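Colleague: Could you put the model up so that we can talk it through? I have a few questions about the ligands and the strands.

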Amino acid sequence: MSENKVILVTGGTGLVGKAIQQVVEAEKRPDEKWIFLSSKDGDLCDYNETKQIFEKHHPTHVIHLAAMVGGLFHNMSHNLDFLRKNMHMNDNILHISFETGVVKVVSCLSTCIFPDKTDYPINETMVHNGPPHPSNFGYSYAKRLIDIQNKAYHQQHGCMFTSVIPCNVFGPHDNYNLESSHVIPGLIRKLHDIMKTGGETFTVMGTGKPLRQFIYSLDLAKLFLWVLREYQETEPIILSVDEKSEVSIKELAEEIGKAYGFQGKIEFDTTKADGQYKKTASNAKLRKFLPDFEFTPFSVAIKESVDWYKANHEIARN
Ligand code: NAP
Ligand code: GDP
């Protein structure tokens, strides 16, 4: 059969992009041609470079993952960069998709862009209900605008541009740079170095009390494919583990300790920021479509992520 869908994945070399690539390769479909982009293919903040990529590949579908992404501490020190870079990339991708007649675009928001002061659990209708947490307002407003643009392209031109809202993601191919990483790759990197030197104290930033829902990148990849192929709404959909799977940063640190066989002491540096206390999101909308989807158990996914880093730390983004 001929390939009649050409699917362009921006940010194809990142944590989520690599997971989608792995899932796609495991269950190849003859009518789909996939292209995974890195920043080396062009700077998506630049309109002309982005247009050239579209003229080269002629995508019919786009999964838009590329973004300036970082953990709490990177966001706190670079709000302006997160705002501008992400606004430029998102606007280029959506507008060029419109100009070139792309059939469907799935972009990526995040549960950390929801209002700071809100009722729980958070759902898809609450994205614009109040200011985001001050630690990441740049990233949040840039991401919220994707939803606004999706609605505007639909209203004015009938485009099928939609978005997904993942909770915190982790897995192989993450960013392990201690200055910019999210908490899971940050703690994996830290403990990896401690285990190498035989250190006995594992210091975790903040109080350890904040709560997070973490989704394994390979589970998220499967859900992304379902959204691309089946989900037909402009409105966003939360892609998260169940509310009961929420864990504290302390429980997370213990789980990573277990995966490494760490016998020492876990300490909390309470001089460091905690960020948002929680952002508990409801996956009820997802569950209505996919009631039986099974998420990888957290301890299994953490162990696989630690094992990946042990085997690949030399080539990982450190
Ligand atoms: P990531 O690992 O940091 O990867 C980012 C990707 O974007 C890389 O492929 C990178 O290319 C590309 N990129 C960055 N700037 C670019 C530019 N100017 N031009 C072209 N490409 C550029 O990010 P991720 O964690 O996979 O995140 C993917 C998406 O999920 C993002 O939209 C993010 O906001 C969202 N998300 C992430 C999380 C999370 O916990 N990680 C949670 C919720 C939502 P290079 O590899 O070439 O640099
Ligand atoms: P967030 O969910 O958007 O806040 O992003 P993070 O992945 O950066 O998670 C931040 C939470 O983990 C905060 O409560 C931090 O205090 C805590 N944390 C503990 N150690 C680290 C670390 O090494 N890096 C990061 N990014 N956060 C850490």
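Colleague: By class, what does the shell around ligand 1 have?
Modeller: The shell around ligand 1 has 15 nonpolar, ten polar and three charged residues, and please keep in mind that this is a predicted model.

Colleague: And which residues come nearest to ligand 1?
Modeller: There are 28 residues around ligand 1, and the ones that come nearest are Thr-13, Ser-39, Tyr-139, Lys-143 and Arg-317. As for the elements, helix H1 (15-26), H5 and strand S6 (168-170) each give at least two residues to that shell.

Colleague: Tyr-139 caught my eye; what is 2.5 Å from an N or O atom in its side chain?
Modeller: That is an oxygen atom of ligand 1, which is 2.5 Å from an N or O atom in the side chain of Tyr-139. Two backbones can be added to the picture: a backbone N or O atom of Val-169 lies 2.9 Å from an oxygen atom of ligand 1, and a backbone N or O atom of Gly-11 lies 3.3 Å from an oxygen atom of this ligand. Taken on its own, ligand 1 has 910 Å² of accessible area, of which the protein covers 86%.

Colleague: OK, on to ligand 2. Which residues come nearest there?
Modeller: Of the 17 residues around ligand 2, those that come nearest are Leu-72, Val-183, Arg-212, Ala-273 and Asp-274. By class, that shell has nine nonpolar, four polar and four charged residues.

Colleague: Which atoms of Asn-168, Val-183 and Met-205 should I look at around this ligand?
Modeller: For Asn-168 look at the side chain, where an N or O atom is 2.9 Å from an oxygen atom of ligand 2, whereas for Val-183 it is a polar backbone atom that is 2.8 Å from an oxygen atom of the ligand. With Met-205 the ligand atom is a nitrogen, and a backbone N or O atom of the residue lies 3.3 Å from that nitrogen. The protein covers 96% of the 550 Å² of accessible area that ligand 2 has on its own.

Colleague: Which elements give two or more residues to that shell?
Modeller: They are helix H3 (72-77), helix H6 (183-197) and strand S7 (201-205), and the largest share, three residues, comes from H6.

Colleague: Let's stay with S7 for a moment; which of its residues are on the covered face and which on the uncovered one?
Modeller: Phe-202 and Val-204 make up the covered face of S7, while Thr-201, Thr-203 and Met-205 are on the uncovered one. That pattern can be read with a general point in mind, namely that side chains in a regular strand alternate between the two faces of the sheet. S7 runs parallel to strand S12 (residues 265-269), with five bridges joining the two, and the bridge partner of Val-204 in S12 is Phe-268.

Colleague: How does S4 look, covered or uncovered on its faces?
Modeller: Both faces of S4 are covered, with Lys-104, Val-106 and Cys-108 buried on one side and Val-105 and Ser-107 buried on the other. Put another way, five of the five residues in this strand, residues 104-108, are buried.

Colleague: And which strands does S4 pair with or join?
Modeller: S4 pairs in the parallel sense with strand S3 (residues 61-64) over four bridges, where His-64 stands opposite Ser-107. S4 also runs parallel to strand S5 (residues 160-166), joined to it by five bridges, and there Val-106 stands opposite Thr-162 in S5. With helix H5 (residues 137-157), S4 and S5 make a right-handed β-α-β unit.

Colleague: Changing topic, what is the peptide bond that joins Tyr-120 and Pro-121?
Modeller: Tyr-120 and Pro-121 are joined by a cis peptide bond, with omega about -5 degrees, and Pro-121 has its place in the loop between S4 and H5.

Colleague: Last one: where are His-58 and His-173, and what is phi for each?
Modeller: His-58 is in the loop between helix H2 (47-57) and S3, and it has a positive phi of about 50 degrees although it is not a glycine. His-173 lies in the loop between S6 and H6, with a positive phi near 70 degrees, again in a residue other than glycine.

Colleague: Why does His-58 count as exposed, and how about His-173, with its relative accessible area of 26%?
Modeller: His-58 counts as exposed because its relative accessibility is 55% and exposed means over 50%. His-173, at 26%, is partly exposed.

Notes. Residues are numbered from 1 along each chain as its sequence is written. Chains are lettered from A and ligands numbered from 1 in the order in which they are written. This is a predicted model: local features need pLDDT of at least 70, side-chain atom pairs count only at pLDDT 80 or more; totals for chains, interfaces and linings use all residues. Side-chain values use heavy atoms; hydrogens and water are left out. Buried means under 20% relative accessible area, exposed over 50%, partly exposed in between (1.4 Å probe, protein chains only). Two strands pair if DSSP finds at least two bridges between them. A crossover is right-handed if, with the strands pointing away from the viewer, the path from the first strand over the helix to the second runs clockwise. A residue is near a molecule or strand if one of its heavy atoms lies within 4 Å of it. A polar contact is a pair of N or O atoms within 3.5 Å; within protein, one must be able to donate a hydrogen and the other to accept it, and residues adjacent in sequence count only if both atoms are side-chain atoms. Accessible areas come from the Shrake-Rupley method with a 1.4 Å probe; for residues, only the protein chains shown count as cover. Ala, Val, Leu, Ile, Met, Phe, Trp, Tyr, Cys and Pro count as nonpolar, Asp, Glu, Lys and Arg as charged, and the others, Gly among them, as polar.
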